[in-house]
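Dear colleague,

I am passing on the structure we spoke about, and below it I have set out what was found when it was examined. Please read the notes with the structure open beside you.

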Amino acid sequence: MAGRMKGKRALITGAGGGIGRAAALAFAREGAAVAVADIRHDAAQAAAEEIERSGGRALALCGDVADEASCAEMVQAAERGFGGLDTLFNNAGVVLPGDNDATDTPLDVWQRTLAVDLTSVFLCCKFGIPALLRAGGGAIVNNASMVALVGSGFPQIAYTAAKGGVVAMTRELAIVYGRRGIRVNAICPGPVRTPMTDAFFDTEEKWVSRRRYMPLGRLGSPEEVAAVALFLASDEASYVTGAAYTVDGGITAAYVIDDRIGT
Ligand SMILES: NC(=O)c1ccc[n+]([C@@H]2O[C@H](COP(=O)([O-])OP(=O)(O)OC[C@H]3O[C@@H](n4cnc5c(N)ncnc54)[C@H](O)[C@@H]3O)[C@@H](O)[C@H]2O)c1
């Protein structure tokens, strides 16, 4: 154990796969006890078992972050299981089929996306912040997206609105709870290699056209995003709050990229 999260007790939502799973493994490797929460019980269980096999401490929790009672139960189970909770990574999120532009996105797609991607952060904070205060303070990291900061020509109106809300909520929470010992930050990832993005970049042509807008010329990995969440959750970031950290290979820094760069 390297120890950057030694003594911390963390709850990570959506930790059964992708970025959340990578974060759960990284937090645990650095010494945190990790409550691995996911709507897919088997996935949460598998991640928790992997942590324990490596000598870490984990608790598998099953719940829906869009459901108020479920969020209350997940926080309570983590706090009870570890004797306190000081770290919350609100990571769970979805992009739903049918999320398109404002004129053709069905209302139920809009509502479920807002529930899973935005209301979830409110609910986990509603129950998580009192737990963090009981522990004497702590850190919250919210997973937003680069679409919260810059517009996308691939419309996903509900996802974009939800992620914008996550960044706005992060700032307000940071201000309200800063003097009570809780830091609150957001991360804004760019495209990260997951099964979802593999399906999206399924032809060489699509890949070449998107790569043009990527200064680093490649997708990120879940581990690269988890590393930034880990930094923000750790005491190394003790003077960082209210920030929206881009983890996007430079995409939001770019205005125009000359096709000849790096070729
Ligand atoms: N992958 C990307 O390119 C990318 C880019 C920017 C932001 N993000 C954000 O990062 C976060 C994680 O994305 P990912 O790519 O790892 O996705 P993923 O689909 O690989 O993992 C998401 C996890 O959340 C779980 N989940 C889904 N709905 C849930 C619910 N209602 N309650 C509890 N758990 C639920 C899933 O079962 C899954 O294990 C999301 O908030 C996403 O919006 C991802």
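Among contacts in the protein chain between residues at least 6 apart in sequence, 73% link residues that are at least 24 apart. Please bear in mind throughout that this is a predicted model. The protein chain contains eight helices and seven strands, and its C-alpha trace spans about 55 × 40 × 40 Å along the principal axes. A compact globule of 263 residues would have a radius of gyration near 18 Å, and because the protein chain has 18 Å, it agrees with that expectation. Of these 263 residues, 45% count as buried.

The ligand may be the part you wish to look at next. There are 27 residues around the ligand, of which G14, G17, G18, I19 and G93 come nearest. By class, this shell is made up of twelve nonpolar, twelve polar and three charged residues. Helix 1 (18–29) and helix 6 (195–200) each supply at least two residues of the shell, and helix 1 gives the most, with three residues.

As for the interior, the largest nonpolar core has 77 residues, and those that touch the most other members are I12, A23, A24, F27, V34, V36 and A229. Helix 4 (residues 107–134) contributes the largest share of this core, nine residues. In general, nonpolar side chains tend to be buried together in soluble globular proteins. If residues up to four places away in sequence are left out, A24 touches I12, A15, V34, V36, A47 and I51.

Helix 8 (residues 222–233) has twelve residues and reaches 16 Å from its first C-alpha to its last, close to the 16 Å expected at 1.5 Å a residue. Its buried residues are P222, V225, A226, V228, A229, L230, L232 and A233, and what covers them includes helix 1 together with strand 1 (9–13), strand 4 (87–90), strand 5 (138–143), strand 6 (182–189) and strand 7 (244–247).

One residue of strand 5 deserves a separate note, namely I140. Why does I140 count as buried? The reason is that I140 has 28 C-beta neighbours inside 10 Å, where 20 or more are needed for a residue to be called buried. Not counting residues up to four places away in sequence, I140 touches L88, N90, C125, G128, L173, I182 and V184. I140 and F127, which are 13 residues apart in sequence, lie 12 Å apart in space, C-alpha to C-alpha.

With kind regards

Conventions:
Residues numbered from 1 in each chain as written. Predicted model: local features only at pLDDT ≥ 70, side-chain atom pairs only at ≥ 80, totals over all residues. Helix = DSSP H or I, 4+ residues; strand = E, 2+ residues; numbered from the N terminus. Rg over C-alpha atoms; globule rule 2.2 N^0.38 Å. Buried ≥ 20, exposed ≤ 12 C-beta atoms within 10 Å, placed from the backbone. Contact = placed C-beta atoms within 7 Å. Near = placed C-beta within 6 Å. Nonpolar A, V, L, I, M, F, W, Y, C, P; charged D, E, K, R; others polar. Core = buried A, V, L, I, M, F, W, Y, C linked by C-beta atoms within 7 Å. Expected span 1.5 Å × (residues − 1).
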